[in-house]
Amino acid sequence: MEAQTKILIADDHQLFNDGMKLMLTAEDNLQVVGQVFSGKDVLDAVHRLQPDVVLLDINMPHLNGLDVAEKLLKSYPTLRIIMLTMYSDRKFVDDCGRLGVPGYILKNSGVDEVLNAIDTVLAGNRYYDPKLSKSTPPNQHADDSFQKQFQLTKREIEIISYVGQSFTNDEIANKLFLSVATVKTHRNNINLKLGINKPADLVKFAVEHGLS
């Protein structure tokens, strides 16, 4: 009997996670060995369950999927990771390519495409969703992702983006038609929410999260 491919599903939306498990277990050659719902739990699950493939969402609580993928690829270089996400943002796609993530598919894909991606990466090849377009704006989902994860307002995200591009408070105020005092207030609120004390740390946050 042919050995089954072991799959770990990492997605914080229980309904989607369970639905994906149901679809994959219908395939004789696949075995879902685990489900996790938080980024911080993925590494431990991989260590315990030794999956062949991890289906990994980008917007995960506690540790985002990009950080998880980077850690996994360093510790388990033969592990096949497929990003299964709603985010078609060019920044995320490029980051995954840079990290060496072999698979990237969108959540609006059919089960046949998911199976095709699994087969392709297991064969040692790269599979990036053909629906991805190079013309996709780099931050098209930044607002909803970071509002949810860090409780930031749209205005605060906007200001973080400008800080990441090295704009001064005066320049940000001019661009957003705000007073400098208002910009400073927003920045104080941002620092409190993110636990940041230094301007350089906010620049680093903007860069690491694709907001600059």
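**A nonpolar core around a parallel sheet**

In this predicted model, the largest nonpolar core holds 29 residues, and those touching the most other members are V42, L56, I81, M83, V101 and Y104. Contributions of at least two residues each come from β1 (5–10), α2 (42–49), β3, α3, β4, α4 and β5. Helix α3 gives the most to this core, with five residues. In soluble globular proteins, nonpolar side chains tend to be buried together. A good place to look inside the core is M83, which, leaving aside residues up to four places away in sequence, touches L56, I58, G65, L66, A69, C96, V101, G103, Y104 and I105.

The sheet comes next. Six strands make up an open sheet with parallel pairing, and their order is β2-β1-β3-β4-β5-β6. The edges are taken by β2 (30–36) and β6 (127–128), each of which has a single partner strand, so one side of each lacks a neighbour in the sheet. Moving inward, β1 pairs with β3 in the parallel sense through four bridges, and L8 stands opposite V54 in β3. Strand β3 (residues 53–56) is also paired with β4, again in the parallel sense and over four bridges; here V53 lies opposite R80 of β4.

Strand β4 (residues 80–85) deserves a closer look. Five of its six residues are buried, which leaves the strand mostly covered. Beyond its pairing with β3, β4 is joined by four bridges to the parallel strand β5 (residues 103–106), where L106 is the bridge partner of T85. The connections on either side of β4 can be followed along the chain. Together, β3, helix α3 (residues 65–75) and β4 form a right-handed β-α-β unit. From β4 the chain then crosses through helix α4 (residues 90–99) to β5, and this β-α-β crossover is right-handed as well.

Further along the chain, helix α8 (residues 169–176) offers a neat example of a two-sided helix. Its buried residues are N169, I172, A173 and L176. Viewed down the axis of α8, these buried residues fall within an arc of 100°, and therefore they line one face of the helix. Such spacing fits a simple rule: an α-helix has 3.6 residues a turn, so residues three or four places apart point the same way. The buried residues of α8 pack against two other helices, α7 (154–164) and α9 (180–194). On the other side of α8, by contrast, D170 and N174 are exposed. The helix is followed by F177, a residue with a positive phi, near 60°.

For the protein chain as a whole, the secondary structure amounts to ten helices and six strands. The C-alpha trace spans about 70 × 35 × 30 Å along its principal axes. Of the 212 residues, 46% count as buried, while the chain exposes about 10800 Å², of which carbon and sulfur atoms supply 50%. Among contacts with a separation of 6 or more, 61% are between residues 24 or more positions apart.

How values were computed
Residues numbered from 1 in each chain as written. Predicted model: local features only at pLDDT ≥ 70, side-chain atom pairs only at ≥ 80, totals over all residues. Heavy atoms only, no water. Buried < 20%, exposed > 50% of the residue type's maximum accessible area, 1.4 Å probe, protein only. Arc of directions from axis to C-beta. Contact = heavy atoms within 4.5 Å. Pairing = 2+ DSSP bridges. Right-handed = clockwise from strand over helix to strand, strands pointing away. Core = buried A, V, L, I, M, F, W, Y, C linked by side-chain atoms within 4.5 Å. Areas by Shrake-Rupley, 256 points an atom, 1.4 Å probe, with all protein chains shown as cover.
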